[in-house]
Amino acid sequence: MAVKGLGKPDQVYDGSKIRVGIIHARWNKVIIDALVKGAIERMTSLGVSEKNIVIETVPGSYELPWGTKRFVDRQAKLGEPLDVVIPIGVLIKGSTMHFEYISDSATHALMNMQEKVEMPVIFGLLTCMTEEQALARAGIDDAHSMHNHGEDWGAAAVEMAVKFGK
Ligand SMILES: O=Nc1c(NC[C@H](O)[C@H](O)[C@H](O)CO)[nH]c(=O)[nH]c1=O
């Protein structure tokens, strides 16, 4: 019996009235692109209009917290406020402690960012020990052993914006 993972949603949420921001790092592009695509596909399948999905990028995952804050502020100033934001990054362990420090600090910063931007900030940071783990979680490993986690993040974004939006 499959125990781990996201269960079936308690209901299908209508995303037709929300605007979503995706801000993604540019490290590990092949994996990032698959995750972003999965999030967009799931959100559009839940009624979010493509014109209401705004995409921005930052160099790496370390820049996601500050980039998220400024992205949200900018969209509000433009008169196109976001209802939810999905920061997406892929961290893969190397031979130093860089991975640990960025993973931990970016995770805490993104969690706390919700209070600052007063909207849901979906946790789209993959923190993987190997490239194979990252490929599997983006649904692009040879065995297609796992589903694309970007789809889960898209579904969470719609649910959180609809249920707990302003
Ligand atoms: O080192 N590995 C990674 C990484 N490093 C760059 C860092 O996020 C930042 O952009 C620079 O330190 C400049 O501030 N950024 C990632 O998204 N994934 C990684 O796997």
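# Close-up views of a predicted model

A search of the whole structure, which is a predicted model, finds 8 salt bridges. The legends below take up some of these pairs, and then turn to the sheet, the helices packed on it, the nonpolar cores and selected loop residues.

**View 1. The open sheet and the order of its strands.** The sheet is an open one built from 4 strands, which follow the order β2-β1-β3-β4 with parallel pairing. At its edges lie β2 (residues 53–58) and β4, each of which pairs on one side only. From one strand to the next, the twist averages 20°. Between β1 and β2, which run parallel, there are 6 bridges, and one bridge partnership to look for in this view is that of A25 with V58, the latter being in β2.

**View 2. Helices α2 and α3 against the sheet.** Helix α2 packs on the sheet and touches β1, β2, β3 and β4, with its direction making about 150° with that of β1. Helix α3 also packs on the sheet, where it touches β3 and β4, and its direction makes about 155° with that of β4.

**View 3. The salt-bridge network of K69, R70 and D73 in helix α2.** These three residues, K69, R70 and D73, are linked in a network of salt bridges. In the pair formed by D73 and K69, the closest N and O atoms are 2.7 Å apart, and the two residues, which are 4 residues apart in helix α2 (residues 64–77), are separated by about one helical turn. The salt bridge between the side chains of R70 and D73 has an N to O distance of 4.0 Å; here the partners, again in helix α2, are 3 residues apart, which is about one turn of the helix. As to their exposure, D73 counts as partly exposed at 21% relative accessibility, K69 counts as partly exposed at 22%, and R70 is partly exposed with a relative accessible area of 45%.

**View 4. Q75, a buried residue of helix α2.** Helix α2 also holds Q75, which at 3% relative accessibility counts as buried. When its neighbours within four places in sequence are left aside, Q75 is in contact with R19, V54, E80, P81 and L82, so that a view centred on Q75 may be drawn to include these five residues.

**View 5. The K37–E41 salt bridge in helix α1.** K37 and E41 form a salt bridge in which the closest N and O atoms are 2.9 Å apart. Both residues lie in helix α1 (residues 29–45), and their spacing of 4 residues corresponds to about one turn of the helix. E41 is partly exposed, its relative accessible area being 41%.

**View 6. The largest nonpolar core and the surroundings of L35.** In soluble globular proteins, nonpolar side chains tend to be buried together. The largest nonpolar core of this model has 29 residues, of which I22, L35, M43, I86 and I88 touch the most other members. At least two residues of this core are supplied by each of β1, α1, β3 (84–92), β4 and α5 (149–164), and the largest share, 8 residues, comes from α1. A second, separate core has 19 residues, among them I102, A106, V121 and L125. Around L35, not counting residues up to four places away in sequence, the residues touched are I88, V90, L126, R137, A138, N148, H149, G150 and W153.

**View 7. Two loop residues with positive phi, N28 and E118.** N28 has a phi near 60°, which is a positive value in a residue other than glycine, and its place is in the loop between β1 (20–25) and α1. With a relative accessible area of 27%, N28 is partly exposed. E118, likewise a residue other than glycine with a positive phi, has its value near 55°, and is placed in the loop between α3 (98–117) and β4 (124–128). E118 is exposed, with a relative accessible area of 57%.

How values were computed
Residues are numbered from 1 along each chain as its sequence is written. This is a predicted model: local features need pLDDT of at least 70, side-chain atom pairs count only at pLDDT 80 or more; totals for chains, interfaces and linings use all residues. Side-chain values use heavy atoms; hydrogens and water are left out. Buried means under 20% relative accessible area, exposed over 50%, partly exposed in between (1.4 Å probe, protein chains only). Contact means heavy atoms within 4.5 Å. A nonpolar core is a set of buried Ala, Val, Leu, Ile, Met, Phe, Trp, Tyr and Cys residues joined through side-chain atoms within 4.5 Å. Two strands pair if DSSP finds at least two bridges between them. Axes are lines fitted to C-alpha atoms, for helices over the stretch in contact, and angles run from 0 to 180 degrees between N-to-C directions.
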